[in-house]
Amino acid sequence: MSRNRKIVASAAIVIAIVSVIISINQTNTTLRNLVCAPCIEGSNNNLEGSKIIQVTGALGPESIAFDPNGDGPYTGVADGRILKWQGDELGWTEFAVTTSPRYLHISSLQ
């Protein structure tokens, strides 16, 4: 494809995207509503007020869960540990270990 055709194709794509955005704004629908789920009357949207809690010193989280008492969250990480969130002051604490210590396996291979 020649350079001129690439420029024309790129310009056409940009014009198409701008046209879609303008048409969305003209119908009083924001771009956010295009990519977000619609509001359902009577529902509680608690995710907008949530924050991301970083897991440091581990690869993960692989999953996340809460217990029946509402404690947690608990998360599994790649090394087999289960961590529990204890609030901003304590952070993540080790709740359980699902695998035996890794150093035992490594030393037996040498």
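1. In this predicted model, a good place to begin is isoleucine 21, which counts as partly exposed because its relative accessibility is 34%, a value that falls between the limits of 20% for buried and 50% for exposed. Isoleucine 21 belongs to helix 1, which covers residues 3–26. Together with Ile13 and Ile17, Ile21 forms a nonpolar patch on the surface, and the accessible area of the three together is about 270 Å².

2. A contrast to that surface patch is offered by the largest nonpolar core, which has 6 residues in all, namely Val55, Ala58, Val77, Leu83, Trp85 and Trp92. In soluble globular proteins, nonpolar side chains tend to be buried together. Valine 55, one of the core residues, touches Gly60, Pro61, Thr75, Val77, Leu83 and Trp92, when residues up to four places away in sequence are left out of the count.

3. Strand 3 deserves a paragraph of its own, since 4 of its 5 residues are buried and the strand is thus mostly covered. Strand 3 pairs with strand 2 in the antiparallel sense over 3 bridges, and strand 3 (residues 81–85) also pairs in the antiparallel sense with strand 4 (residues 92–97), in that case over 5 bridges.

4. Leucine 83 can be followed through both of these pairings: in strand 3, leucine 83 is the bridge partner of threonine 75, while glutamate 94 in strand 4 stands opposite leucine 83. Leucine 83 is also a member of the largest nonpolar core and is among the residues that valine 55 touches. A further bridge to strand 4 joins isoleucine 82 to its partner, alanine 96.

5. The two hairpins may be read side by side, with attention to the glycines. In the hairpin of strand 2 and strand 3, where 4 residues lie between the strands, glycine 80 takes a positive phi near 95 degrees. In the hairpin of strand 3 and strand 4, where 6 residues lie between the strands, glycine 87 takes a positive phi near 100 degrees.

6. A last point for a reader checking the backbone concerns the peptide bond that joins glycine 72 and proline 73, which is cis, with omega at about 15 degrees. Proline 73 is found in the loop that runs between strand 1 (63–65) and strand 2 (74–76).

Technical notes: Residues numbered from 1 in each chain as written. Predicted model: local features only at pLDDT ≥ 70, side-chain atom pairs only at ≥ 80, totals over all residues. Heavy atoms only, no water. Pairing = 2+ DSSP bridges. Patch = residues over 30% accessible without salt bridge, like charges linked within 9 Å, V, L, I, M, F, W, Y side chains within 5 Å. Areas by Shrake-Rupley, 256 points an atom, 1.4 Å probe, with all protein chains shown as cover. Salt bridge = Lys/Arg side-chain N within 4 Å of Asp/Glu carboxyl O. Buried < 20%, exposed > 50% of the residue type's maximum accessible area, 1.4 Å probe, protein only. Core = buried A, V, L, I, M, F, W, Y, C linked by side-chain atoms within 4.5 Å. Contact = heavy atoms within 4.5 Å.
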